[in-house]
Amino acid sequence: MHISKVIIENFKCFEGTFSLVLNENLNILVGDNEAGKTSILEAIHLALSGWISGRYLRTELTQSLFNDKVVKNYLDSLRIVKKLPLPRILIELYFDIDDDSIKAMFEGNGNSLKRKACGVQFKIAYNEKYRGEYDIMLENPGEIGSLPIEYYDFSWSSFARDDRITPKTIPFKSAPIDSANNRNQNGSDIYISRLIRD
């Protein structure tokens with residue numbers, strides 16, 4: 001059982017859609033600084049847990065999670081006739097699962113590729129129930145200088161189109177260990193980080 005592919009859309013440095021196929025046993029991410037290596041790991045952890053930077057997303061949901069260029073394009077479009085839709089963040093994790101009973105919970109075509117696969121979709125998106133209130137704000141587009149994050153929500157769904165899942169039902173768990181930073185770690189993580197560094 002492993003994560004075989006990750007698709008990331010509009011998260012941090014990823015403008016548009018980014019796809020990465022993963023090996024079963026070992027994956028090594030190599031790239032320049034600010035290329036997105038850490039953002040890939042953060043996206044996987046966020047989609048599996050709902051946590052980012054050691055805090056639950058409900059308290060950390062800010063515009064800084066969105067790609068800067070995507071946000072700028074949206075805000076610029078408010079001042080022209082053809083407005084862009086509000087941006088969203090999408091993270092899809094494709095699973096390779098042998099156990100048929102677990103696989104059945106996550107298999108379907110409810111993914112961005114519209115193909116039968118096994119996995120989970122995590123989305124941060126505008127909640128349409130706030131449409132009336134946001135439409136009033138749109139009457140003065142020059143006064144809108146940021147995304148209306150207060151109208152955004154996040155959710156999980158399986159590729160089987162089951163939107164009642166939570167991180168507790170996802171058969172994978174993640175435990176990020178950053179050996180360069182001990183600020184948000186508990187004692188055992190610090191100990192493991194030192195072992196890895198040494």
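## The overall layout

Follow the protein chain along its sequence and the elements come in the order β-β-α-β-β-α-α-β-α-β-β-α-β-α. That makes 6 helices and 8 strands. Keep in mind that this is a predicted model.

The C-alpha atoms sit in a box of roughly 55 × 40 × 30 Å, taken along the principal axes. The chain has 198 residues, and 40% of them count as buried. On the outside, about 11,800 Å² is exposed, with carbon and sulfur atoms supplying 50% of that area. Now take the contacts between residues at least 6 apart in sequence: 64% of these join residues at least 24 apart.

## Strand 1 and its two partners

A good place to begin is strand 1, which covers residues 2–9. This strand is mostly covered, as 7 of its 8 residues are buried. Which strands does strand 1 pair with? One partner is strand 5 (residues 89–96), joined in the antiparallel sense over 7 bridges. Here His2 stands opposite Asp96.

The other pairing is with strand 2 (residues 17–21), again in the antiparallel sense, this time over 5 bridges. Look for Ile7 there: its bridge partner in strand 2 is Ser19.

## Two buried residues to look up

Ser158 belongs to strand 8, which runs over residues 152–158. Is Ser158 buried or exposed? It counts as buried, because its relative accessibility is 0%. Leaving aside neighbours within four places in sequence, Ser158 is in contact with Met105, Phe106, Gly110, Gly119, Val120 and Ile165.

Ile144 sits in the loop between helix 5 (131–138) and strand 8. Though it is in a loop, Ile144 is buried, with a relative accessible area of 5%. Not counting residues up to four places away in sequence, Ile144 touches Leu75, Leu78, Arg79, Tyr134, Met137 and Leu138. Take Leu75 from that list: Ile144 and Leu75 are 69 residues apart in sequence, yet their C-alpha atoms are 7.5 Å apart in space.

## Salt bridges

How many salt bridges does the structure hold? There are 9 of them. One joins Glu9 and Arg88, whose closest N and O atoms are 3.0 Å apart. This pair links distant parts of the chain, with Glu9 in strand 1, Arg88 in the loop between helix 3 (68–77) and strand 5, and the two positions 79 residues apart. Glu9 counts as buried at 14% relative accessibility, while Arg88 is partly exposed at 29%.

Another is formed by the side chains of Arg58 and Asp153, at 3.1 Å from N to O. It also links distant parts of the chain: Arg58 is in helix 2 (residues 57–60) and Asp153 is in strand 8, 95 residues apart. Asp153 is partly exposed, with a relative accessible area of 29%. For a link within one helix, see Asp76 and Lys72, whose side chains meet at 2.7 Å, N to O. Both lie in helix 3, 4 residues apart, which is about one turn of the helix. Finally, Glu128, Arg131 and Asp135 are joined into one network by salt bridges that share partners.

## Cysteines without a disulfide

A disulfide is a covalent bond between the sulfur atoms of two cysteines. How many turn up here when the whole structure is searched? The search finds 0. Among the cysteines, Cys13 is partly exposed, with a relative accessible area of 37%, whereas Cys118 is buried at 6%.

## Out at the surface

Ile177, Tyr191, Ile192, Leu195 and Ile196 make a nonpolar surface patch of about 490 Å². One of these residues, Ile196, lies in helix 6 (residues 187–197). Ile196 is exposed, with a relative accessible area of 57%.

Two loop residues have a backbone angle to check. Phi of Ser53 is near 55 degrees, a positive value in a residue other than glycine. Ser53 lies in the loop between strand 3 (51–52) and strand 4 (55–56), and it counts as partly exposed at 41% relative accessibility. For Lys114, phi is likewise positive, near 55 degrees. Lys114 is found in the loop between strand 6 (107–108) and strand 7 (117–126), and this residue is exposed, with a relative accessible area of 57%.

Terms used. Residues are numbered from 1 along each chain as its sequence is written. This is a predicted model: local features need pLDDT of at least 70, side-chain atom pairs count only at pLDDT 80 or more; totals for chains, interfaces and linings use all residues. Side-chain values use heavy atoms; hydrogens and water are left out. Patches are made of residues with over 30% relative accessible area and no salt bridge: like charges are joined within 9 Å, nonpolar side chains (Val, Leu, Ile, Met, Phe, Trp, Tyr) within 5 Å. Accessible areas come from the Shrake-Rupley method with a 1.4 Å probe; for residues, only the protein chains shown count as cover. A salt bridge is a side-chain nitrogen of Lys or Arg within 4 Å of a carboxyl oxygen of Asp or Glu. Buried means under 20% relative accessible area, exposed over 50%, partly exposed in between (1.4 Å probe, protein chains only). A disulfide is a pair of cysteine sulfur atoms within 2.5 Å. Two strands pair if DSSP finds at least two bridges between them. Contact means heavy atoms within 4.5 Å.
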